[in-house]
Amino acid sequence: TPSAEAAPQDFRRSQVYVHPSFQVTRYMGALNAETGWGVGMGVTQGFQFRWIGFNLTVDTDYFLTNRSAPPFNTGFQQAGIRLASRFLAPVWDLRIFGELSAQRLSFISNALVETTGEKLAFHGVGGALGGRYVGLEPLYIEVRADADYLLDIDDTWGIGFGIAIGIRSLL
């Protein structure tokens with residue numbers, strides 16, 4: 001097709017990618033008054049074919065809280081798994097993308113028990129916007145901004161920013 005011929009050559013083939021990432025996250029809404037910015041790391045593996053793809057991310061973040069110990073922990077760790085669909089457009093050596101995602105989070109602490117109750121596992125839906133610089137074949141650099149809504153905690157959003165360096169391979 002004409003649009004496929006206009007795309008960069010590497011964009012015309014299927015590709016797989018993997019990258020570790022560093023991220024900062026902040027909760028808004030019900031958890032905002034109790035938590036500060038969290039820092040974390042993750043690993044993402046994905047598959048891309050032209051303009052569409054999907055990826056799986058496993059990550060963890062650590063947040064400080066305003067709780068005093070004991071009986072509460074002063075911080076909490078969050079571990080999550082995210083499945084996302086990705087829509088991507090090539091612009092020179094940049095790949096601009098948007099994502100829609102579903103995730104499962106686990107809170108590893110009692111610091112937020114007064115807000116979350118006894119429940120420690122939560123579901124979320126969200127999206128991301130970002131860009132990937134691919135001029136370093138086969139390496140790339142990716143930056144992104146996320147927004148995720150936690151379905152199990154009233155009026156709670158997580159916003160995050162991340163940077164990653166990864167490797168990709170054409171199939």
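Colleague: What makes the roughly 50 Å³ of space you list as the second largest a cavity?

Modeller: In this predicted model, about 50 Å³ of space lies there. A cavity is a set of points where a 1.4 Å probe fits but cannot get out, so the name is used for this space.

Colleague: Which residues line the second largest cavity?

Modeller: Phe76, Phe107, Ser109, Asn110, Ala111, Leu112, Val113, Thr116, Lys119 and Leu120 do. The lining divides into six nonpolar, three polar and one charged. Lys counts as charged, so Lys119 is the charged residue of that lining.

Colleague: How many cavities of 30 Å³ or more does the structure hold?

Modeller: Three. In the largest cavity lies about 340 Å³ of space, and 27 residues line that cavity, with Gln23, Asp59, Arg82, Asp146 and Asp148 the closest to its centre.

Colleague: What is the make-up of the lining of the largest cavity?

Modeller: Nine residues are nonpolar, 11 polar and seven charged. Strands β1 (15-29), β3 (52-65), β4 (75-91), β5 (94-108), β7 (139-150) and β8 (156-170) each supply at least two of the lining residues.

Colleague: Why is Leu31 called part of a nonpolar core?

Modeller: A core of this kind joins buried residues such as Leu through side-chain atoms within 4.5 Å, and Leu31 is one of the 11 residues in the largest nonpolar core, so the label applies. Phe76, Phe107, Ala111 and Leu112 are among the other members.

Colleague: What is Leu31 in contact with, leaving aside its neighbours within four places in sequence?

Modeller: Phe107, Leu112, Thr115, Thr116, Ile153 and Thr156. Contact means heavy atoms within 4.5 Å, so each of these residues has an atom that close to Leu31.

Technical notes:
Residues are numbered from 1 along each chain as its sequence is written. This is a predicted model: local features need pLDDT of at least 70, side-chain atom pairs count only at pLDDT 80 or more; totals for chains, interfaces and linings use all residues. Side-chain values use heavy atoms; hydrogens and water are left out. On a 1 Å grid over the protein atoms alone, a cavity is a set of points where a 1.4 Å probe fits but cannot get out, and a pocket is an open set with protein on both sides within 12 Å along at least five of seven lines; lining residues have an atom within 4 Å of a point. Grid points are joined across faces, edges and corners, and a volume is the space filled by probe spheres set on the points. Helices (H or I, at least four residues) and strands (E, at least two) are DSSP runs, numbered from the N terminus. Buried means under 20% relative accessible area, exposed over 50%, partly exposed in between (1.4 Å probe, protein chains only).
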